Amino acid sequence: MENRKLAVLLSGRGSNFLAIHEAIRRGDLRAEICCVLSNVAEAAGLARAREFGYPGLFLPSKGVERAEFDRRMLAALRPMDPALICLAGFMRVLSPEFVAAYRGRILNIHPALLPSFPGLHAQRQALEYGVRITGCTVHLVDEGVDTGPILLQRAVEVQEGDSEETLSARILKQEHDIYWRAIAIMLERRGNTGLQTSSPGPQN
Ligand code: GRF
């Protein structure tokens, strides 16, 4: 059986999670959300996930050391056997152990054309720099912050008089249209890139 299960990790609003859910519902993306995991109990995205009937997992990260938190995430995710891990506004850097466990199978969406403007407040960074074109990027996650191979990008023009809010809203609209497409690309690729369908574990 093909594994098309997605684990979505989020810390807030969850509009990218909703866009993925919608793409599945419309039939544009053939995948299944196996769980939504959040490190923030009151994340709006987690509440929506539970409303939709997805397993919604809250794992508190406050005061927990990064490596330990990520070990707890790995333990929680393992039985669900996700094919891909989709970071959707997950406000944490992953430990090398987590990245290694799902290498090549962790996706992130970033509101800028990487490698420009990594890190927080990417839209503000773009405005402050004065670029005329910015956008969004879906990429595979490696040990760095917003580094890793790029899967899809979409350009967005900066308009005269744009504020951080107006620019962010236009970028977000494009984020919602590219994330599910990047997931589809990854799921189609899986057959011929040797990505595992089983739970991550030591390889011989
Ligand atoms: C998005 O702008 C995404 O690019 C960034 O965090 C934000 C999450 O928004 N990584 P949402 O929670 O998906 O609405």
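**Figure 1. Pairing of strands S1 and S2 in the predicted model.** Lysine 5 has glutamate 32 of S2 as its bridge partner. This is a predicted model, in which local features need pLDDT of at least 70 and side-chain atom pairs count only at pLDDT 80 or more, whereas totals for chains, interfaces and linings use all residues. Residues are numbered from 1 along each chain as its sequence is written, and side-chain values use heavy atoms, with hydrogens and water left out. S1 and S2 are paired in the parallel sense over 6 bridges; two strands count as paired if DSSP finds at least two bridges between them. Strands (E, at least two residues) and helices (H or I, at least four residues) are DSSP runs numbered from the N terminus. Of the 7 residues of S2, 6 are buried, where buried means under 20% relative accessible area, exposed means over 50%, and partly exposed lies in between (1.4 Å probe, protein chains only).

**Figure 2. The open sheet and its edges.** The sheet consists of 7 strands in the order S3-S2-S1-S4-S5-S6-S7, with mixed pairing. Strand S3 (56–58) and strand S7 (150–157) each have a single partner strand and stand at the edges, so one side of each is left without a neighbour in the sheet. On average, neighbouring strands of this sheet are turned by 20 degrees against each other, direction ignored. Axes are lines fitted to C-alpha atoms, for helices over the stretch in contact, and angles between N-to-C directions run from 0 to 180 degrees.

**Figure 3. Strands S1 and S4 with helices H1 and H3.** Strand S1 (residues 5–10) pairs with strand S4 (residues 84–87) in the parallel sense over 4 bridges. Within this pairing, cysteine 86 in S4 is the bridge partner of valine 8. Helix H3 (residues 66–77) packs on the sheet and touches S1, S2, S3 and S4, its direction making about 155 degrees with that of S2. Helix H1 (residues 15–26) lies across S1, strand S2 (32–38) and strand S5 (106–110), and runs at about 170 degrees to S2. Contact here means heavy atoms within 4.5 Å.

**Figure 4. The nonpolar cores.** In soluble globular proteins, nonpolar side chains tend to be buried together. A nonpolar core is a set of buried Ala, Val, Leu, Ile, Met, Phe, Trp, Tyr and Cys residues joined through side-chain atoms within 4.5 Å. The largest such core has 37 residues, and those with the most contacts inside it are Leu6, Leu29, Ile33, Leu84, Leu107, Tyr179 and Ile183. Helix H6 (residues 164–193) gives the most to this core, contributing 10 residues. Isoleucine 183 touches Leu6, Ile20, Leu29, Leu84, Cys86 and Leu107, when residues up to four places away in sequence are not counted. A second, separate core of 22 residues includes Leu9, Leu77, Leu87 and Val99.

**Figure 5. Cysteine 34 and cysteine 86.** A disulfide is defined as a pair of cysteine sulfur atoms within 2.5 Å, and by this rule the count is 0. For cysteine 34, the closest cysteine sulfur is that of cysteine 35, at 4.7 Å, too far for a bond. The sulfur of cysteine 86 has its closest cysteine sulfur in cysteine 34, at 9.3 Å, which is also too far for a bond. Cysteine 34 is buried at 8% relative accessibility, and cysteine 86 is buried at 0%.

**Figure 6. The loop between S5 and H5.** Proline 115 lies in the loop between S5 and helix H5 (122–129), and a cis peptide bond with omega of about 10 degrees joins leucine 114 to proline 115. Phenylalanine 117 is placed in the loop between S5 and H5; although not a glycine, phenylalanine 117 has a positive phi of about 55 degrees. Phenylalanine 117 is buried, with a relative accessible area of 14%. Histidine 121, found in the loop between S5 and H5, likewise has a positive phi of about 55 degrees without being a glycine. Histidine 121 is partly exposed at 42% relative accessibility.

**Figure 7. Proline 149 and its surroundings.** Proline 149 is situated in the loop between strand S6 (133–140) and S7. Not counting residues up to four places away in sequence, proline 149 touches His139 and Leu140. Proline 149 and glycine 104 are 45 residues apart in sequence and 9.1 Å apart in space, C-alpha to C-alpha.
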